[in-house]
Amino acid sequence: METVKIRTIHEYVQKLPHGTQDRLYTHPATCLALYRSLSPTAQQYVSRLLFLASPVPVDTLTSWTVSPSDKTNLDATKQLKSARLWSVVKCGDLGSGSEGVTLHPSFRKGLTTALCGGGMPWYGNQQNLEPDKKPKTVEFLDQYSKERWECLLQFMVEGNPASEKVSPDIANLLIQSDIIRKSEGEHAITSTGFQFLLMDTPAQIWYFLLRYLDQCDALGLNQTTCLAFIFQLSFSTLGRSYPIGSHGTFVQHLRQIGLVYQRRHTAPWFYPTRHAIELISAGTEKTASTKEGYIIVETNFRVYAYTSSDLDIALIALFVETLHRFDNFLVGQMTRESVQMALQNGISAQQILDFLRTHAHPQMLEKKGNGPVIPPTVTDQLFLWEMERTRISTEDGVLYSQFLSDSDFKVVQEYAQNIGCVMWYSSQKRLLVVNKKGHNDVKKYWKTYKREHGESG
């Protein structure tokens with residue numbers, strides 16, 4: 001099972017083409033976001049180099065640290081080099097062969113502007129737009145962003161392709177990201193999607209946006225402009241409205257997932273939500289879910305869920321058979337059939353256990369202490385049910401039969417055995433099965449043998 005890896009801001013930017021990096025560093029918000037994503041040691045290097053116009057000799061740079069070979073220092077210099085935030089150049093005025101270090105010119109200018117002020121307004125000229133007559137409160141924006149994001153998660157779990165709450169662009173992006181897949185006209189969650197659901201909300205949004213940025217060209221959007229706008233949102237003020245400007249299409253997509261609020265699609269203003277403003281922290285650290293647990297699992301495979309959320313109940317229903325449901329309480333049973341159905345959809349036994357542990361009720365955590373949270377009998381049985389699917393493996397092969405003599409069969413069987421492509425054979429029945437990889441070689445050998453010996457078979 002492949003584990004989903006969430007790239008940090010720095011890891012994502014360093015993989016971009018150099019031309020894209022150069023354009024990205026012209027945006028002050030991007031430079032400030034990257035600066036905050038650096039380690040403390042790397043930030044110290046940038047701060048000391050920021051206002052120095054000339055390259056700093058490498059010997060001088062080395063003197064800034066107690067131990068240049070220290071892992072912390074090596075990691076910091078690796079960070080700066082990998083994203084081309086600094087570079088080593090020749091210093092002609094310092095003598096022949098001398099080298100110095102300087103910051104990327106666009107990054108230097110952008111970070112200076114972000115820290116000291118100046119430059120063009122990040123959201124353009126706002127003087128020509130009238131203020132919003134019905135400003136939204138922080139409480140309203142928090143509730144709106146929560147509902148919109150849970151709507152997307154519920155679409156992933158329930159897989160209703162006719163849902164009007166998720167646009168075709170967003171649905172296709174989930175498919176391209178291998179979070180959901182099409183199955184018999186409906187959408188089904190994948191193994192990657194199940195891991196996605198175990199993440200904290202900010203981490204989910206950051207992962208989703210990175211996949212969105214990878215698909216910008218297919219959506220007819222500029223990747224650099226979209227990424228810079230995301231960084232701008234991270235430095236916005238919660239509860240304040242901003243003009244949309246030239247980001248209309250991108251804002252509509254962000255609106256669907258709850259990162260911004262817009263009263264209607266023609267409104268000239270939008271409000272960044274808390275989810276958008278917390279993106280920088282999500283892109284800096286990989287986090288797990290911090291939601292209070294609500295699931296209790298017993299040794300008899302009975303599952304109790306203290307929740308009224310339709311999303312939580314839909315998640316549990318992926319591998320639990322529902323027995324009783326009340327307003328804020330669900331009783332279910334993990335059965336061989338329900339778990340096998342989850343396994344068939346690409347969800348592993350380990351992922352089910354991770355989900356149960358992540359959302360375990362506080363009473364379960366207190367009761368178990370330092371012991372296992374999930375009863376060992378349940379853990380062992382889930383893995384046994386998973387092993388049932390791997391007892392038999394299938395491989396395509398080609399059957400050779402109708403040999404007229406034992407000698408013909410033996411010749412072909414020995415040749416196939418020598419080249420290592422025999423899957424099964426029966427000397428008594430003169431039957432031979434070879435894999436597809438060796439089929440052509442065996443076929444050619446058999447035709448040549450019959451032609452040379454004048455035999456048919």
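**Before the close-ups.** In these legends a residue is called buried when its relative accessible area is under 20%, exposed when that value is over 50%, and partly exposed in between. With that in hand, welcome to a predicted model.

**Figure 1. Arg336 and Glu388 join in a salt bridge.** The side chains of these two residues meet at 2.9 Å, N to O. Arg336 belongs to helix H17 (residues 336–344) and Glu388 to helix H20, so this pair ties together parts that are 52 residues apart in sequence. Glu388 has a relative accessible area of 25%, and therefore it is partly exposed. Its partner Arg336 is also partly exposed, at 40% relative accessibility.

**Figure 2. Thr379 sits in helix H20.** Staying with helix H20, which covers residues 376–388, we now look at Thr379. Thr379 counts as buried because its relative accessible area is 14%, below the 20% cut-off. Setting aside residues up to four places away in sequence, Thr379 touches Leu353 and Ile374. You can also find Phe301 here: 78 residues separate Phe301 and Thr379 along the chain, while their C-alpha atoms are 9.9 Å apart.

**Figure 3. Asp310 and Arg325 form a salt bridge.** Here the N to O distance between the two side chains is 2.9 Å. This pair links distant parts of the chain, with Asp310 in helix H16 (residues 310–316) and Arg325 in strand E11 (residues 321–325), 15 residues apart. Asp310 is partly exposed, with 41% relative accessible area, and Arg325 is partly exposed as well, with 48%.

**Figure 4. Asp354 and Arg357 pair up within helix H18.** Both residues lie in this helix (residues 349–358), three residues apart, which is about one turn of the helix. Their side chains meet in a salt bridge at 3.4 Å, N to O. Asp354 is partly exposed at 28% relative accessibility, and Arg357 is partly exposed at 35%. Across the whole structure, a search finds eight salt bridges, including this one.

**Figure 5. Cys31 and Cys116 are in no disulfide.** A disulfide is a covalent bond between the sulfur atoms of two cysteines. How many disulfides does the structure hold? The count is zero. For Cys31, the nearest cysteine sulfur is that of Cys116, 13 Å away, so the pair falls outside the 2.5 Å limit for a disulfide. Looking from the other side, Cys116 has the sulfur of Cys31 as its nearest cysteine sulfur. Are these two cysteines buried or exposed? Cys31 is buried, at 0% relative accessibility, whereas Cys116 is exposed, at 54%.

Terms used:
Residues are numbered from 1 along each chain as its sequence is written. This is a predicted model: local features need pLDDT of at least 70, side-chain atom pairs count only at pLDDT 80 or more; totals for chains, interfaces and linings use all residues. Side-chain values use heavy atoms; hydrogens and water are left out. Helices (H or I, at least four residues) and strands (E, at least two) are DSSP runs, numbered from the N terminus. Buried means under 20% relative accessible area, exposed over 50%, partly exposed in between (1.4 Å probe, protein chains only). Contact means heavy atoms within 4.5 Å. A salt bridge is a side-chain nitrogen of Lys or Arg within 4 Å of a carboxyl oxygen of Asp or Glu.
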